[in-house]
Amino acid sequence: MTVAVFLLGSLLCIVVAAIAGFGRLSRWMIVRAAAGCFIEVFRGIPVIVQLYIAYYVLPVWGVSLSPFYASVVVIGVNCGAYGAEVVRGAILAVPAGQWEAAIALNFSRWQTFRRVVFTQAVEIMLPSLGTLLIDLLKTTAIVSLVTLVDVTFTAQQLRATTGNTAVIYGLVLVVYFVLASIIDIAVRSLERRFSRHRFHDGSRPDGAWWRGTALDKVVHRQ
């Protein structure tokens, strides 16, 4: 159950982070304002309060969610609000000169963003995204508060039955640590894949910022 909540929550988190992050960079003020309000609301309210609202308050207004879906939605959306700033910051970190160079090679704005800027922004955002996903995993422990039978809920039941607190919560610690380590290894492998054409100082082997992007193919054809 813990893994299921994490996986679905992660997918929702990435989708929400992308939409809200792009919204913060929109040319339309109303879109930027809506994305900004969304981010501030979900970052400013504790996730446990959001979970209680989703599970206990929404049914009063005619919207009923099962403990599982309430947990996935709340954790995914809350994480996505934080991830939106990661997406926005990574895109802004790509030098503006790369937009200009792509446009000079007759790339459209969408092609420039999709094939040049965003591919490099992903490399920048991966470390922060990995940290965010590990934090999301740890946040899944609160789903036991809405009777979802996850690792933490099961540990509480076993402790109440056996009274062996140290061993039970020691095992819970190991479980979360192993899961977090798996996430860390996966993200680091992605980082190595995206940075395989760079030196340790971050530069490309030939000093060109566009190596490995769509511009590389255009320049080679020319």
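What is the volume of the largest pocket? About 390 Å³. Before you go there, a word on the model: it is predicted, local features need pLDDT of at least 70, side-chain atom pairs count only at pLDDT 80 or more, and totals for chains, interfaces and linings use all residues. Residues are numbered from 1 along each chain as its sequence is written, and side-chain values use heavy atoms, with hydrogens and water left out.

**Stop 1: the largest pocket**

A pocket here is an open set of points on a 1 Å grid over the protein atoms alone, where a 1.4 Å probe fits, with protein on both sides within 12 Å along at least five of seven lines; lining residues have an atom within 4 Å of a point. The volume is the space filled by probe spheres set on the points.

Select Phe22, Leu25, Trp99, Arg109 and Phe113: of the 13 lining residues, these lie nearest the pocket's centre. Now colour helices H4 (67-93), H5 (96-104) and H6 (109-139), which each give two or more residues to that lining. Helices are DSSP runs (H or I, at least four residues), numbered from the N terminus. H6 provides the largest share, three residues. The lining splits into ten nonpolar, one polar and two charged residues. Ala, Val, Leu, Ile, Met, Phe, Trp, Tyr, Cys and Pro count as nonpolar, Asp, Glu, Lys and Arg as charged, and the others, Gly among them, as polar.

**Stop 2: the second largest pocket**

This one has a volume of about 310 Å³. Pick Ile14, Val122, Met125, Leu126 and Leu129, the closest to its centre among 20 lining residues. H6 gives the most here too, with seven residues. What is the make-up of this lining? It has 19 nonpolar residues, one polar and no charged.

**Stop 3: aromatic pairs**

Searching the whole structure turns up five aromatic pairs (ring centres within 6.5 Å; planes under 30 degrees apart are stacked, over 60 edge-to-face, the rest tilted). Show Tyr55 and Tyr56: they are edge-to-face, 4.8 Å centre to centre, with 75 degrees between the planes. Add Tyr52, and you have a cluster linked by ring pairs.

Next, try Phe68 and Tyr69, also an edge-to-face pair, at 5.3 Å and 80 degrees. Which of them is buried and which exposed? Phe68 is buried at 17% relative accessibility (buried is under 20%, exposed over 50%, partly exposed in between, with a 1.4 Å probe and protein chains only), while Tyr69 is exposed at 51%.

Technical notes: Phe/Tyr/Trp six-rings, centres within 6.5 Å; stacked < 30°, edge-to-face > 60°.
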